[in-house]
Amino acid sequence: MKKIVLILLLLTLLMSGCAKATVDSPGTIDAQAPPIDLGSELEMTMITSFENLFMCRFAGTEEGCYQSIMNQKDLSANLVYYDYETRKLVHLTSQLNPVNDETNDGWIQDCFGGADIFTYGEKLYLSNSGQRYIQSEDQAFAAKITQMNLDGSNKQTIEFPDNMEINANGGLAFDGENIYLTLWVYDTNTGENLNTSLCKISFDTGEYEIMDTFDNNGAFLSIRNVYQDGLVLSHYAMDASNNPSVKFIKYSMLTHEIIDSFDVISDYGYNQVFINGKMYYGKPETREIWVLNIDTMTNEMVFDVGEKLPDTEDLVYLDVARISHDEHLLFRLTNIETDQSKASIIKDYGYDTRTGEIIELTLTGKFGSSGADAKLEILAENTEYFLVGVGESMKSMPYYDSDGVQMYYSDLFLNVKLIKKEDYWHSIPNYIEFEDSVFVA
């Protein structure tokens with residue numbers, strides 16, 4: 001889709017009355033914003049995982065799950081649907097023989113930069129990060145987000161200027177009306193990052209607005225999670241000695257200002273996970289799980305792994321997963337502290353934050369071209385089920401081009417099945433198959 005972007009529009013947005021927050025260095029954060037009393041409270045929620053926008057190829061609802069399949073031949077994407085009620089995998093189209101053109105609601109053109117999907121309410125969204133555009137090189141592929149009905153119809157796209165790229169390393173948040181994301185703004189002459197902009201988009205108006213600009217000096221700034229009045233931003237940078245520095249920033253959407261920041265690695269380790277507004281984290285040196293209340297900034301120990309699992313004293317390394325499912329904290333214990341690829345003993349566990357129960361997880365599948373055993377991948381969930389990848393195998397997806405010629409796209413695809421949550425948590429492999437009308441072996 002062709003686009004016309006006026007430079008004046010970008011300048012107007014960047015120079016509007018939004019406050020400017022400055023991250024001067026990995027150790028200092030300066031916020032410059034006058035308080036604004038909006039007289040109301042927000043209900044912020046995350047609509048994607050904080051770190052997996054660039055890997056969001058599955059997007060679930062209570063009734064089923066969507067998958068985007070990138071076709072590397074023409075950089076388009078096909079949308080397919082796993083129906084939980086009928087147990088069928090189908091193309092998201094009414095066409096008997098899906099054609100890769102505009103007549104097919106389940107086909108998306110120009111997906112350079114990924115075909116990452118997510119759902120919210122009664123809408124399905126697809127995000128393309130775009131290609132960083134250097135004036136002396138090839139054409140630009142615009143960063144854009146497309147909203148559509150759950151059947152793929154009624155598409156509406158918001159595109160960003162050539163010098164902006166969607167930060168696919170961060171998550172997306174929602175306030176009930178608007179979607180929030182971070183954009184990398186860069187120099188089209190050199191490709192160098194200039195700043196990170198916090199952006200608000202509205203499909204009601206079909207427009208985007210730059211809410212704030214962060215001078216991050218080469219650091220990565222992403223939406224990590226939400227709290228009652230705003231966003232938790234992650235600020236990642238490397239110092240002169242290539243040591244990582246991570247800060248979490250509490251950014252108020254009511255006042256457009258940074259209200260607090262705290263160092264992450266020194267106090268909360270490398271991996272954290274947010275569950276119901278609280279940040280859980282592990283202390284590997286003492287093998288303890290702790291929780292931080294983001295609203296009050298108070299923390300407490302949840303449990304000591306040695307006390308809860310006394311038979312694991314030889315498993316010296318504790319690693320907390322950064323994604324949760326079904327209000328469970330996932331963590332791993334291994335017998336080696338340094339190179340985890342060399343660990344000879346690996347045990348995975350789920351901690352139910354509602355009941356305090358800890359269960360060992362033993363279900364595995366065969367992944368990759370080598371067929372190595374690995375933990376199952378949870379792709380989506382509803383009230384009763386998980387959609388899981390139980391392994392990978394070579395498959396082909398037949399489709400028709402605009403001339404009616406049948407084509408095939410082949411790759412290593414996940415083998416996807418349903419499993420009841422109670423079976424997953426108790427490692428019972430009662431998988432439910434889908435009748436597949438998309439792939440051929």
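**Pairs and contacts in a predicted model**

A search of the whole structure, which is a predicted model, finds zero disulfides.

Colleague: Is Cys 111 buried or exposed?
Modeller: The cut-off for buried is under 20% relative accessible area. Cys 56 meets it at 12%. The relative accessible area of Cys 111 is 0%, so Cys 111 is buried.

Colleague: How many residues apart are Phe 58 and Tyr 82, which form an aromatic pair?
Modeller: The count of aromatic pairs comes to 18. Phe 58 and Tyr 82 form a tilted one, with 6.3 Å centre to centre and 35 degrees between the planes. Phe 58 is in strand S4 and Tyr 82 in strand S6, so this pair links distant parts of the chain, 24 residues apart.

Colleague: Are the rings of Phe 248 and Phe 274 stacked or tilted?
Modeller: Both Phe 248 and Phe 274 are buried. Planes under 30 degrees apart would count as stacked, and over 60 as edge-to-face. The planes of Phe 248 and Phe 274 are at 40 degrees, with ring centres 6.2 Å apart, so the pair is tilted.

Colleague: Which ring has the charged end of Lys 395 over it?
Modeller: Two lysines can be placed against rings here. Lys 250 lies over the face of Tyr 227, at 4.9 Å from the ring centre. The charged end of Lys 395 is 5.3 Å from the centre of its ring, which belongs to Phe 439.

Colleague: What is the accessible area of the nonpolar surface patch that includes Phe 220?
Modeller: Phe 220 is found in strand S18, and its relative accessible area of 36% makes it partly exposed. Phe 220 forms the patch with Tyr 236 and Met 238. Together the three have an accessible area of about 260 Å².

Colleague: What is the phi of Ser 427?
Modeller: Most residues other than glycine have a negative phi. Arg 87, in the loop between S6 and strand S7, has a positive phi near 60 degrees. Ser 427 lies in the loop between helix H4 and strand S35 and is buried, with a relative accessible area of 16%. Ser 427 is not a glycine either, and its phi is positive, at about 55 degrees.

Colleague: How many residues apart in sequence are the parts tied together by Arg 57 and Asp 116?
Modeller: The search of the whole structure finds ten salt bridges, and one of them joins the side chains of Arg 57 and Asp 116 at 3.3 Å, N to O. Arg 57 lies in the loop between strand S3 and S4, and Asp 116 lies in strand S9, so the parts tied together are 59 residues apart.

Colleague: Is Asp 116 buried or partly exposed?
Modeller: Its partner Arg 57 counts as partly exposed, at 26% relative accessibility. Asp 116 has 1% relative accessibility, so Asp 116 counts as buried.

Colleague: Which residues are joined into one network by salt bridges that share partners?
Modeller: Asp 326 and Lys 421 meet in a salt bridge at 3.4 Å, N to O. This pair links the loop between strand S26 and strand S27 to helix H4, 95 residues apart. Asp 326 is buried at 16% relative accessible area, and Lys 421 is buried at 8%. The network consists of Asp 326, Asp 352, Arg 354, Glu 381 and Lys 421.

Methods. Residues numbered from 1 in each chain as written. Predicted model: local features only at pLDDT ≥ 70, side-chain atom pairs only at ≥ 80, totals over all residues. Heavy atoms only, no water. Disulfide = S-S within 2.5 Å. Buried < 20%, exposed > 50% of the residue type's maximum accessible area, 1.4 Å probe, protein only. Phe/Tyr/Trp six-rings, centres within 6.5 Å; stacked < 30°, edge-to-face > 60°. Helix = DSSP H or I, 4+ residues; strand = E, 2+ residues; numbered from the N terminus. Lys NZ or Arg CZ within 6 Å of the ring centre and 35° of its normal. Patch = residues over 30% accessible without salt bridge, like charges linked within 9 Å, V, L, I, M, F, W, Y side chains within 5 Å. Areas by Shrake-Rupley, 256 points an atom, 1.4 Å probe, with all protein chains shown as cover. Salt bridge = Lys/Arg side-chain N within 4 Å of Asp/Glu carboxyl O.
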